[in-house]
Amino acid sequence: MSGYHRLRPADLDALAAGPGSAELVRTLRGGQVSKRMLQLRAVLDLADPAETGRYFALLTAAARRDPAVGRAVLALPHTGAWLAVTLRRLRRQAGPSTVPAPLAGRTTTGLEPTPDAVGPVAADLGYLGGLAAAAAIRAGLEFELPVTAVDGEVFLPSLGRARSGRAGRVTVSRTGDRVRVGSVEVPPPGAEPPGAGIDSDGWSGLHRLHGSADGLTVQLCLDDLDPCRDCHRLCASGRLDPAVVRQWQRLLDEAWPILVRHHRGHAAAISEGLRTIVPLQSDTASAGVNVTSMDAFGAVSMTPPADGQGLALGLLHEFQHAKLGAAIDIEPLYEPDDRRYYYAPWRDDPRPLGAALQGVYAFVAVTEFWRTRRAVAPAGRIRLAEVEFARWRDRVGRTCADIRSHGRLTSAGRRFVEGLDAVIDGWRDDPVPAGAAALAREAADDHWTVWRLRNRRPDPGLVDRLVEAWRAGVDCPAITVPVRVRPADGRWLSRSPRLDLVRLRLADPERFDRLRSGAERLTDALPEASAGDLALAGGDHLAARAWYQRQLRHEPDQLAAWVGLTLADGRLPAAEAAVHADPELCRAVLRALAAVAAAPDPLELCRWLAPVTCVSTPDRPSPTVPPGRAAVVR
């Protein structure tokens with residue numbers, strides 16, 4: 001029987017400092033295995049024993065034959081995702097008070113609990129059959145086990161997928177060294193070569209990636225098969241072409257030496273704890289998506305990064321989330337009744353405390369990454385590293401201070417956040433070139449402006465009063481308008497064409513100049529960018545403001561134009577600036593005016609609203625939304 005899992009104060013200090021150790025990662029994984037044992041017990045208590053009894057008996061027999069195999073299958077990342085989804089569905093089926101909420105599984109920061117993805121609960125329970133069969137195969141047991149094929153397929157976790165060609169019951173068996181799923185022959189464990197999994201005769205093997213540098217290795221599964229891999233509903237890729245698998249291997253070949261040679265502590269933790277990458281389909285509307293589920297410790301899902309540096313940063317960042325989520329399962333760091341919203345400069349939506357803490361922890365590592373890259377990056381990328389370091393050092397420090405001041409933290413949480421703050425404070429005196437610091441402020445201002453225009457809502461009754469005053473042709477009343485945070489619908493991580501242009505100016509100034517001169521069409525380089533964005537990125541703030549001003553006369557509620565107008569106006573000399581009221585108030589009033597008549601000139605309206613004072617009021621997430629504990633990042 002497993003003992004209690006504990007994190008010592010020294011463990012919390014090691015986590016706050018960054019990588020932790022391989023031993024600490026093993027402790028966190030042990031906590032996850034114990035959590036899954038409890039979840040499995042709850043599944044067995046709630047499910048029909050006729051459906052699960054045979055599966056569990058075989059799983060138990062495999063674990064007795066080889067205890068390491070039993071722990072290994074429970075530690076598989078998507079065993080946790082399957083348990084969480086199945087428990088939620090069984091709990092809904094049996095009634096809301098049947099399973100304690102902590103056992104029902106928690107998913108990603110701010111994302112809703114995973115929706116039902118396949119058929120009835122019986123199909124979910126069939127996953128246990130595949131898990132038991134995989135354990136028995138690995139333990140060397142001879143057996144026969146009928147399992148339920150879903151869409152004619154049977155998945156054996158850690159091995160691969162058999163296409164039986166028919167729905168209903170299919171027998172998985174092992175006799176001697178021969179393993180079969182129905183009529184499909186399954187290669188024995190270890191028979192498949194590294195790299196692209198075998199695809200033949202009804203069988204698809206899992207892809208394997210391997211990285212090695214300076215005596216430290218990492219073995220990863222590139223998972224495009226597991227039916228529970230898309231636990232975020234973010235469009236996991238289907239079966240990958242071998243060329244795509246080879247490209248992932250090339251990216252790892254570039255990324256792993258970066259991590260080992262410059263972030264060895266993080267690399268050692270990743271080597272010990274990361275097991276799976278789930279490739280996501282690319283989305284041109286986002287600047288890349290990486291995500292970690294708290295139900296799937298050891299897995300990260302991501303769109304293909306641009307290069308090895310991008311993969312190195314993504315793996316480092318996401319494994320921070322995995323470690324902190326597993327640590328919180330053992331040692332809670334904050335009170336669940338904290339209902340305050342926090343500004344997180346890596347997301348476009350307001351974050352509850354758990355999500356904000358996750359983001360700070362991950363972005364402390366991101367800041368460390370860019371701090372190091374300033375000294376080791378190729379010459380053409382050093383300026384970008386300086387900008388990113390300056391940007392995140394400031395932004396992460398502010399959110400960390402906000403959490404420390406306002407968050408309902410446990411005593412362990414206070415110790416942990418103080419440790420994070422000490423790490424950030426140690427970077428305060430690192431010199432940054434003035435130009436890089438200015439660009440970092442531009443990036444920070446851009447994100448904050450997007451966030452506030454999306455999520456801050458002026459009091460609608462007072463907006464109506466201001467609309468009436470404008471239409472009556474009187475002076476603007478000098479009133480105070482409460483503003484509340486209310487999350488906007490839509491994307492929580494969007495691409496900024498303005499920042500894309502700033503990055504282009506840094507990375508390829510010659511191409512940027514071609515765009516500015518008209519020698520290259522902007523729509524060919526960045527289809528989502530506008531002429532106003534190009535003028536803004538080039539420092540022509542007056543021309544940029546004029547472009548956005550014209551755009552808002554035609555589309556008075558367009559968020560991108562309001563962001564650009566606010567930024568361009570704020571970079572002009574004070575005598576030329578027009579936006580003296582909060583931009584979210586200007587936008588709300590212009591939108592209301594445009595609903596009943598032609599939209600007035602936005603700059604004229606902004607000047608008229610100058611006497612109004614906006615005051616933030618306490619914001620609280622709805623108590624029906626649980627504080628999430630994972631994150632998505634560019």
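Leaving aside its neighbours within four places in sequence, which residues is F512 in contact with? Select F512 and look around: L501, L504, R505, L534, A537 and G538 are there, where contact means heavy atoms within 4.5 Å.

**Before you go on**

What you have open is a predicted model, numbered from 1 along each chain as its sequence is written, and side-chain values use heavy atoms, with hydrogens and water left out. Local features need pLDDT of at least 70, side-chain atom pairs count only at pLDDT 80 or more, and totals for chains, interfaces and linings use all residues of the predicted model.

Colour by pLDDT, the predictor's confidence in each residue, from 0 to 100. The chain mean is 89, and 89% of the residues reach 70 or more. Now select residues 104-119: pLDDT stays under 50 there, and the model has 52 contacts beyond four places in sequence for them. Residues 622-634 also stay under 50, with 61 such contacts beyond four places in sequence. Where pLDDT is low, the predicted coordinates should not be read in detail.

**The whole chain**

Zoom out and switch to cartoon. You should find 22 helices and 17 strands; these are DSSP runs (helices H or I, at least four residues; strands E, at least two), numbered from the N terminus. Of the 634 residues, 56% are buried, which is to say under 20% relative accessible area, with exposed meaning over 50% and partly exposed in between (1.4 Å probe, protein chains only). Take the contacts between residues at least 6 apart in sequence: 73% of them join residues at least 24 apart.

**Back to F512**

F512 sits in helix 16 (residues 509-517) and is buried, because its relative accessibility is 4%. Put a distance on F512 and L522: they are 10 residues apart in sequence, and 9.5 Å separates them C-alpha to C-alpha.

**Helix 1**

Next, select residues 9-17. Helix 1 has D11, L12, L15 and A16 as its buried residues. They span an arc of only 135° around the axis, so they are on the same side of helix 1; the arc is that of the directions from the helix axis to the C-beta atoms. What lies over them? Show helix 2 (22-46), helix 9 (308-330), helix 10 (353-376) and helix 12 (411-425), which are among the elements covering those buried residues. Step just past the end of helix 1 and you reach G18, with a positive phi of about 140°.

**A four-stranded sheet**

Which order do the strands of the open four-stranded sheet have? Follow them as 2-3-8-7, with antiparallel pairing; two strands pair if DSSP finds at least two bridges between them. Strand 2 (153-156) and strand 7 (199-200) are at the edges with a single partner strand each, so each has one side without a neighbour in the sheet. Inspect strand 3 (residues 160-163) against strand 8 (residues 203-205): three bridges join this antiparallel pair, and A162 is opposite W203.

In the loop between strand 2 and strand 3, stop at S158. S158 is not a glycine, yet its phi is positive, about 80°. S158 counts as buried because its relative accessibility is 14%.

**Strands 4, 5 and 6**

Select residues 168-186. Strand 4 (residues 168-175) and strand 5 run antiparallel, joined by four bridges, with V172 opposite V181. Two residues lie between these strands in their hairpin, and G176 in the turn has a positive phi of about 60°. On strand 5 (residues 178-181), turn on side chains: V179 and V181 point to one face and are buried, while R178 and R180 point to the other and are not. Strand 6 (residues 184-186) pairs with strand 5 in the antiparallel sense over three bridges, and V184 is the bridge partner of V181. This hairpin has two residues between the strands as well, and G182 takes a positive phi near 60°.

Go on to D214, in the loop between strand 9 (207-213) and strand 10 (216-222). Its phi is positive too, near 50°, in a residue other than glycine. Most residues other than glycine have a negative phi. At 47% relative accessibility, D214 is partly exposed.

**Last stop: T566**

Select helix 20 (residues 559-570) and find T566. Is T566 buried or exposed? Buried, with a relative accessible area of 15%. Beyond its neighbours within four places in sequence, T566 is in contact with T449, L453 and P583. Its side chain also reaches the backbone oxygen of W562, at 2.8 Å.

Conventions: Polar contact = N/O pair within 3.5 Å; in protein donor to acceptor, adjacent residues only side chain to side chain.
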